[in-house]
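User: Can you walk me through this one? I'd like the overall fold, then the core, then the surface.

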Amino acid sequence: MTAPTTPWVLPAHVASDPDLHQRFEREAIRRTPRVILGSVITTLVLMAVSAVLALLIAHVSGVSIWSMIAATAPGGLAEMSVTAQLLGLGVPLVTGYHVTRVFMITLLALPAFRLALRLGIGQP
């Protein structure tokens, strides 16, 4: 399969959502810098926590620190597995860690949400 020809790319984007301009609201655009700042801060904190966790697990288990960084890094299963493979790290370890994380999130998300509601930490 070949890439689409350039003359067809822009019309395809325009045709795929003709009312896109109607979805933007002035207030939403005003809040964008705060949302971006919050996203950057959250990402940096998550990366720092992941790195500290990787260091601790690597120290206790004797597993390569680089493999543990790839295993605990925020990212998708496919992306981190490919990254581990390209860097010559423990692909089974990284894959297993991410699969375990997905199962834990799937199993624990609803109970955590219910607990937060009971504690008054949010609204549905």
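Here is a short run of questions and answers on this predicted model.

User: Let's start broad: how many helices and how many strands does the protein have?
Analyst: Reading from the N terminus, the elements go α-α-α-α-α-α. No strand turns up in that run. The tally is six helices and zero strands.

User: What percentage of the residues counts as buried?
Analyst: Buried here means under 20% relative accessible area. The protein has 124 residues to test against that cut-off. The share that counts as buried is 13%.

User: Which element gives the most residues to the largest nonpolar core?
Analyst: That core has ten residues: Ala54, Ala58, Met68, Ala70, Ala71, Ala73, Met80, Ala84, Leu89 and Val94. The elements giving two or more of them are α3 (26-61), α4 (65-72) and α5 (77-87). With three residues, the top contributor is α4.

User: Alanine 84 is in that core. Which residues does alanine 84 touch, leaving out those up to four places away in sequence?
Analyst: Two of its partners, Leu89 and Val94, are core members alongside alanine 84. Val91 is also touched. So the list, with a contact meaning heavy atoms within 4.5 Å, is Leu89, Val91 and Val94.

User: Now histidine 98: is it buried or exposed?
Analyst: Histidine 98 sits in helix α6. Beyond its neighbours within four places in sequence, histidine 98 is in contact with Ala70, Ala71, Ala73, Gly75, Leu77 and Met80. Its relative accessibility is 0%, so histidine 98 counts as buried.

User: And what lies 3.1 Å from a polar atom of the histidine 98 side chain?
Analyst: Ala71 is among the contacts of histidine 98, and Ala71 also belongs to the largest nonpolar core. The atom in question is on the backbone of that residue: the oxygen of alanine 71.

User: On to the outside: which helix supplies the largest share of the nonpolar patch?
Analyst: The patch is made of Leu77, Val99, Phe103, Met104, Leu107 and Leu108, with about 580 Å² of accessible area together. Five of its residues come from a single helix, spanning residues 91-118. That helix is α6.

User: Is phenylalanine 103 buried or exposed?
Analyst: Phenylalanine 103 lies in helix α6 and is part of the nonpolar patch on the surface. Its relative accessible area is 54%, and the cut-off is over 50%, so phenylalanine 103 is exposed.

User: Last one: what share of the exposed area do carbon and sulfur atoms supply?
Analyst: The protein exposes about 10000 Å². Of that area, carbon and sulfur atoms supply 72%.

Conventions: Residues are numbered from 1 along each chain as its sequence is written. This is a predicted model: local features need pLDDT of at least 70, side-chain atom pairs count only at pLDDT 80 or more; totals for chains, interfaces and linings use all residues. Side-chain values use heavy atoms; hydrogens and water are left out. Patches are made of residues with over 30% relative accessible area and no salt bridge: like charges are joined within 9 Å, nonpolar side chains (Val, Leu, Ile, Met, Phe, Trp, Tyr) within 5 Å. Accessible areas come from the Shrake-Rupley method with a 1.4 Å probe; for residues, only the protein chains shown count as cover. A salt bridge is a side-chain nitrogen of Lys or Arg within 4 Å of a carboxyl oxygen of Asp or Glu. Helices (H or I, at least four residues) and strands (E, at least two) are DSSP runs, numbered from the N terminus. Buried means under 20% relative accessible area, exposed over 50%, partly exposed in between (1.4 Å probe, protein chains only). A polar contact is a pair of N or O atoms within 3.5 Å; within protein, one must be able to donate a hydrogen and the other to accept it, and residues adjacent in sequence count only if both atoms are side-chain atoms. A nonpolar core is a set of buried Ala, Val, Leu, Ile, Met, Phe, Trp, Tyr and Cys residues joined through side-chain atoms within 4.5 Å.
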